[in-house]
4 protein chains.
Amino acid sequence: MNFCSDNVTGAAPEILAAITAANSGAVTSYGADKLTERVEQRLKDIFETDLAAFPVATGTAANALSLSLLAPPWGAVYCHQDAHIAVDECAAPEFYTGGAKVVDLPGEHGRLTAAQLADVIARSGKGVVHQAQAAAISLTQATEAGTVYRPDDVAAIAEVARKNGLGLHMDGARFANALVFLGVSPAEITWRAGVDILSFGATKNGALAAEVVVIFDRKRAEEFAFRRKRAGHLFSKMRFLSAQLDAYLDNGLWLRTARHANAMAKRLADGLMNVPGARLAHPVEANEIFVDLPEHAIRGLNTDGFQFYRWLGDDKTLLRLVTAHDTKEADVTAFIASAKRHAARANERVA
Amino acid sequence: MNFCSDNVTGAAPEILAAITAANSGAVTSYGADKLTERVEQRLKDIFETDLAAFPVATGTAANALSLSLLAPPWGAVYCHQDAHIAVDECAAPEFYTGGAKVVDLPGEHGRLTAAQLADVIARSGKGVVHQAQAAAISLTQATEAGTVYRPDDVAAIAEVARKNGLGLHMDGARFANALVFLGVSPAEITWRAGVDILSFGATKNGALAAEVVVIFDRKRAEEFAFRRKRAGHLFSKMRFLSAQLDAYLDNGLWLRTARHANAMAKRLADGLMNVPGARLAHPVEANEIFVDLPEHAIRGLNTDGFQFYRWLGDDKTLLRLVTAHDTKEADVTAFIASAKRHAARANERVA
Amino acid sequence: MNFCSDNVTGAAPEILAAITAANSGAVTSYGADKLTERVEQRLKDIFETDLAAFPVATGTAANALSLSLLAPPWGAVYCHQDAHIAVDECAAPEFYTGGAKVVDLPGEHGRLTAAQLADVIARSGKGVVHQAQAAAISLTQATEAGTVYRPDDVAAIAEVARKNGLGLHMDGARFANALVFLGVSPAEITWRAGVDILSFGATKNGALAAEVVVIFDRKRAEEFAFRRKRAGHLFSKMRFLSAQLDAYLDNGLWLRTARHANAMAKRLADGLMNVPGARLAHPVEANEIFVDLPEHAIRGLNTDGFQFYRWLGDDKTLLRLVTAHDTKEADVTAFIASAKRHAARANERVA
Amino acid sequence: MNFCSDNVTGAAPEILAAITAANSGAVTSYGADKLTERVEQRLKDIFETDLAAFPVATGTAANALSLSLLAPPWGAVYCHQDAHIAVDECAAPEFYTGGAKVVDLPGEHGRLTAAQLADVIARSGKGVVHQAQAAAISLTQATEAGTVYRPDDVAAIAEVARKNGLGLHMDGARFANALVFLGVSPAEITWRAGVDILSFGATKNGALAAEVVVIFDRKRAEEFAFRRKRAGHLFSKMRFLSAQLDAYLDNGLWLRTARHANAMAKRLADGLMNVPGARLAHPVEANEIFVDLPEHAIRGLNTDGFQFYRWLGDDKTLLRLVTAHDTKEADVTAFIASAKRHAARANERVA
């Protein structure tokens, strides 16, 4: 009954099975193997385009390496102020880019807008040697507020990027969750909308530790292999990374697990709306719920063994609840019941 | 019948099983879990001392992160000219240290000596602002020549390091292979001999992708956690990394797999000594054999389906043969027989 | 009649003369000379304490090198959002620190407050591996708004720094201007108030190109020499840098030039207050004036040959006017007269 | 009577005068001034080609910034093992390139050869992700052994660079000395021979502190301005840097000062050849002499007040003697006489 994050979960059985299946005999190391080749082919099919795919093991590696392709050391990367690259990666983008600036911007429900970015970039001192140079935009899809950019949002932002010569990165740690919410094709929300590089996440959605950097413009990919190696993110026994991704992409597993997580989030959010005093801070569009609950309900939930984060500090009542590929419906039901019960009792006491 | 490297192998069944076993229920992410705690405790027991242990997934990450603790950006790191950190990590140590110099030195059979290091350091310009400052020594154990440093070798080098204020790192990608050859305790060949930080390898010896940085002086460990995170080497689902290491260390598995690999190397080397024209370039002390074979024998082996590297180039006859935790005795026997047969036939033709 | 910046000016005659005087005979290079020694001694006398002094040629070098002593690559440096290190140095602090984050904060009239910093640091995730670690505070004295921190302001901020284990840097590109405004001793506004490292500026106040990094805690100085050299900021013919600083500090020249610049700013500001429609955006405490003037007055001033920046963009009427060591009183008088005349004429036309 | 280095000297009077002359009135800062423009134009005329010129104050800055244009962080830069970038810049190239490898190679009389470089590059693992990628060659002209590359030498090396896709940098800290020795045009020994970027030195040859990075391919120059600024090497009062270079290039001053230095070196070397036991280690082609003298002669010279370095350590008898733009013929004559006298006396004693 742990709703802290989708990374407290284990792996999908299909993915574990794939790892075991990959363990037969000698295989050329460092990615020159058939599984790795197949993962890239699967991604080409899924995204309906040529692309270069580089598996890595963590989201931070995927993001920071991606940004290092788009921003020079004197560049500026624009992102939402709650973005993982801005607040949760211990200055990894700065490390990988050689010292670029991550410029964090406000934005309702975790989203940036094209107008806002156009304005910020216009005032950024393009060509002026004293200022870090606007180099890239990074969007988080689904956002850190559990919301989702629509294809039109992304396309408008990409147009701002294109006009100003910036690259567009998408942090897709929860890409699958966003995709199944939107009901569009993977191409539509990425390269067709103007995304240059996608951190395509799998870990949070059922893998053990696997992400893949998807580079839609192969010219930009040339240097990635060297950057990945010198960062220590090239696995010698790559097959075990690729096996996870292969199973993840096989037969729509990644979409099924994301659909489940989103459905659980929706059910949980809907249920909580019947708790007196509950208020959602953001629309629930993926697998994260930001909900304000009465203090006594929160304490009651803790007493009943539910785990989650108070999002703004230990003395605040805004919770983040995250569902995942393996969230049990019964746990969701129990959570709602517990919240209702504790909220009601408090009201009785007050009355 | 692939003798290219110990990283072309799969994983030991016990380690695969441990991963599957670790996949139950929610576990706190980023290493605050019981498996990770147990790995550190196991290492304390094995090394008979307090220490800090940080699992990572690749040897390059382990080495480069370790060196970043020992060498400032204006530091010099001394190593053998064939060391992995010098020639096989695409300047990862330079990246992680922020620009330190990796100074590669010659040395017979892959080993450095205390006298050589004392001399080089004495001439390095200590305190002179124009020169990179001697900061660390990195030894590879077992070496890239398949040889092994004795405790006295390490202690003498550590004494040079200590006298000059340098840190001592050990790249133990094949630490287990060295250890079982020496028949000494892990403590004896590391911290008791003066090693400060050990890259303790598991991947080559039976894990999927798991190494652990062992820091014997906990004060030096303080910054490691931040360095690992900002490099993207902190796994969210750490349990799957720790599960590998836990099984690896459990009940001596790591020593058994290394003993097997070494025994296979010994058998292979012994057998090849009966091949006319064969000559060992280095003593065989771990799981690597550097052997010069007649050209026709090499071609015959290739024809028979054996895979390996010509170590000095495609037109050279020095081979590197690597055995591993899962090398089959039958394959070794077949290799020897093939070499003998092809060598003999050529001799017949000549005769 | 150029009020664009104090760096459009030439050098004080005394400083030029000192350079010429320094040009006699052979002198040991790289700073092991008597002039450099004397500069350090002068600074010890002026600041009434032991210290280490490192001349460099630019303010960006002084600031970025200073911060590299205080913040590790995973550190965060807090400063005002208009600080030079945040907006005018093309990510130099990020380069020199190896990727630390420069966190820019709002603040009235260019100043940060202790309460604000205490709050930000408290929410910064100290010890949490995912967040860049609060490492240093940088104050600009005088600020980019032409205002000045009082000793109590600095001491309160230093107390926040000390309690949280942060270093305190002062960007003193206009330190002399602040000092003569305050009328306190150099010690009082720096190390006695808790400043660890001071970028002590001379270029803007009469030198050709000379700043000196003053490190009050000599232990922190140990690595500076190496950092300066590897950045290419150690001059071989150091005497020519030191000669500038020596003359600057000799017989109070630095205070006289700053007093003149401040007096000119005061006179200019006072005069402009008689211009209809004029409004100061910030108190005038040093040698910078931020004044809003009517558009027709601005255009008239331009027509009359006065040069200055529109601070918020070409379509805005807020001007920055900077006076300097060599600003002529006649130019100030002429500026005021021109502004009044153009403002009056416009009013006539309107009437 | 200081022969330690050409950087123990002062400045040429013409250059000092130019600084004083530049000190009149307000001038736009950061290089948008007429003097800086004129320096670039002079260089275009001198090198008979379009180019981009960036003044900086130190040779280390010129070299490290130049290399950062040619080598990516995972690149390798090849140079002579005595090159300034390899041994005298405290890992500045590593810092500026973001961690590239400086690969130092042996070579007679301070020179590399095309054949040697072709061989090293051929074995460097081009395209192999594990190896730092051959990116640039850096030649020192004149070399650290006081010798000079001929145009054909440079052209042959440039051809190796071109064939392998490497950039070619020339460290011309003593470029003028090399040029007047060769008697060729500046174009002939640089871009016409295939040099991409030249660190054009002035400090050692008569300036106070001024070098200029000459980029022959303007496309490569685009990023230089940002790199220089973020390194703190963009001077606000640029006119004082440019004034030095302007005077240096005016009316052949730079060639006259270099001719003088070279002539003094030749005279000194010729004279020393009459000292019993004297032996030159390298041909004297510029302004440096490497000469082995009898120990008693060295001690006598020291007693007589001559200063110089024992090049290989305090117990060795190889001296480096450097002449400069202001070396007095009388000092040279005195040096020779002193050496002869002390050598002769010792012989008498022995006899």
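This report describes a helix, the nonpolar cores and the salt bridges of a predicted model.

Residues are numbered from 1 along each chain as its sequence is written, and chains are lettered from A and ligands numbered from 1 in the order in which they are written. Because the model is predicted, local features need pLDDT of at least 70 and side-chain atom pairs count only at pLDDT 80 or more, while totals for chains, interfaces and linings use all residues; side-chain values use heavy atoms, with hydrogens and water left out.

**Helix α3 of chain D**

Helices are DSSP runs of H or I with at least four residues, strands are runs of E with at least two, and both are numbered from the N terminus. Helix α3 of chain D covers residues 59–70. The expected span of a helix is 1.5 Å times one less than its number of residues. For the 12 residues of α3(D) this gives 16 Å, which agrees with the 17 Å between its end C-alpha atoms. Burial is defined by relative accessible area: buried is under 20%, exposed is over 50%, and partly exposed lies in between (1.4 Å probe, protein chains only). By this measure 11 of the 12 residues of α3(D) are buried, among them T60(D), N63(D), L67(D) and L70(D).

**Nonpolar cores**

A nonpolar core is a set of buried Ala, Val, Leu, Ile, Met, Phe, Trp, Tyr and Cys residues joined through side-chain atoms within 4.5 Å. The largest such core has 151 residues, and F200(A) and F200(B) touch the most other members. Leaving aside neighbours within four places in sequence, F200(B) is in contact (heavy atoms within 4.5 Å) with residues including F47(B), F175(B), Y248(B) and W254(B). A second, separate core of 150 residues includes L16(C), F47(C), L51(C) and A132(C).

**Salt bridges**

A salt bridge places a side-chain nitrogen of Lys or Arg within 4 Å of a carboxyl oxygen of Asp or Glu. Over all chains the count comes to 99. Three of these pairs are listed below.

| Pair | Closest N to O distance |
|---|---|
| D50(A) and K44(A) | 3.6 Å |
| K101(C) and E94(A) | 2.7 Å |
| K316(C) and D315(C) | 3.5 Å |

The pair of K101(C) and E94(A) crosses between chains, from strand β3 (residues 101–105) of chain C to helix α5 (residues 92–97) of chain A. Both K101(C) and E94(A) are buried. D50(A) has a relative accessible area of 42%, so it is partly exposed, and K44(A), at 21%, also counts as partly exposed. K316(C) is partly exposed at 38%, whereas D315(C) is exposed at 61%. In chain A, a network of salt bridges links D6(A), R174(A), E288(A) and R320(A).
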